[in-house]
Amino acid sequence: MAVLVTGGAGYIGSHMVLALRDRGETVVVLDDLSTGLQDLLLPDVPFVQGDIGDDAVLDRIFAAHDIDAVIHFAARIVVPDSLADPLGYYDNNTIKAHRLISASVRHGIKRFIFSSTAAVYGETDCQPVHETSALNPISPYGRSKLMVEWMLRDAAAAHGIAALALRYFNVAGADPLGRAGQSGRNATHLIKVAVETALGLRPHMTLFGTDYPTRDGTCIRDYVHVSDLIAAHLCALDFLLHKPQGFSVYNCAYGQGASVLEVIDSVKRISGVDFTVRQAGRRAGDPASIIANGESLRRDLGWQPRHDSLDEMVRHALMWERKRSNLQPYEPDR
Ligand code: UFG
């Protein structure tokens, strides 16, 4: 099978490319390298540097490669950033996704997997959230992704496509074999920031909000290991092979929550460094708590997560950060 991976030079996309290659699939990567990194690309995987909203680039790729499925990761992903630049987020995440879906329809692509997000649920009293829970995104980021789910559902029905959206919760960790990890500059995600602080790459970190109605006053999130998330995409591809058409949506997470303080404790314990944490007010756009019901993914797609421990995610994130920063030798898992 030949798969077009958009955003294949990014954090999650680069893990996807490795997993597809490990399975012997043919892969083509489209990435504009705005946040992705050239050195995460594999030399033997065809790479096109370009924009997912550029019809000419898309037509060229679909004409040159006999693509069976598209896995669409390329997007802007930082919730506070989306509040500052909503139109940029709608352009990049929604309008350009429309161009990509349109090109896929034009070229007769029958399978499409979309990276959606837990941010489509927004602030919710219903915990854990089920795929059928109310959708009330509270950030432009969440809304920019929800609109793509809707477009894809309608396009799948009209054009005989088998499409699937995975709603990611908080993705963390790195490839257990040390081949890829989170590498972007100016990281804002909690585990990455805490790991950088533990390794002395930042003088301190900030904890946003200690007055939430949660067990310790800090926000609760359902962290999912990037390797398990990628395994869910492989299950999704297999599922779509046997599904003639239609749209499905699945939560991707473990159904367990960790607070910001619990994450910081884990990073301190595993790194052995008692780094400085400064308390600040709430960050705009943060829901207090969001935990997934991930049962449907296990039941319908046969997803079997293997890394559902916060400490393991932190250990792999530390391992990758040490390697990237040339800090000290590291030992990947065998
Ligand atoms: N946080 C800090 N300090 C930091 C970074 C984060 O206290 O330096 C806190 C945040 O305020 C939040 C929690 O850690 O309470 C998690 O924040 P992240 O930035 O790591 O992740 P988000 O929850 O904002 O966003 C993630 C994904 C989105 C997804 C969302 C769903 O990046 O794609 O979870 O809740 F939509």
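Two residues are in contact here when heavy atoms of theirs lie within 4.5 Å. In this predicted model, that yardstick puts 30 residues of domain 1 in contact with 31 residues of domain 2. The domain assignment gives domain 1 as 2-121 + 130-172 + 222-252, and domain 2 as 190-221 + 255-324, so each is pieced together from separate stretches of the chain, with bounds that come from an automatic or database assignment. Their C-alpha centres sit 24 Å apart. As for how much surface the pair hides, domain 1 and domain 2 bury about 2,500 Å² between them, and 67% of that area is on carbon and sulfur atoms.

Now for the ligand. It has 20 residues around it, and the closest are Thr117, His189, Thr206, Arg221 and Asp286. Both domains chip in, with at least three residues of the shell drawn from each of domain 1 and domain 2. Helix 6 (190-198) and strand 8 (205-208) each supply at least two shell residues, and strand 8 gives the most, with 3. Sorted by class, the shell comes out as 12 nonpolar, 5 polar and 3 charged residues.

Zooming in on single atoms, an oxygen of the ligand is 2.6 Å from a side-chain N or O atom of aspartate 286. Threonine 206 uses its backbone instead: an N or O atom there lies 2.7 Å from a ligand nitrogen. At leucine 190, a polar backbone atom is 2.8 Å from an oxygen of the ligand. Taken alone, the ligand would expose 680 Å², and the protein buries 93% of that.

Key: Residues numbered from 1 in each chain as written. Predicted model: local features only at pLDDT ≥ 70, side-chain atom pairs only at ≥ 80, totals over all residues. Heavy atoms only, no water. Near = heavy atom within 4 Å. Polar contact = N/O pair within 3.5 Å; in protein donor to acceptor, adjacent residues only side chain to side chain. Areas by Shrake-Rupley, 256 points an atom, 1.4 Å probe, with all protein chains shown as cover. Helix = DSSP H or I, 4+ residues; strand = E, 2+ residues; numbered from the N terminus. Nonpolar A, V, L, I, M, F, W, Y, C, P; charged D, E, K, R; others polar. Buried area = accessible area lost by both parts, 1.4 Å probe.
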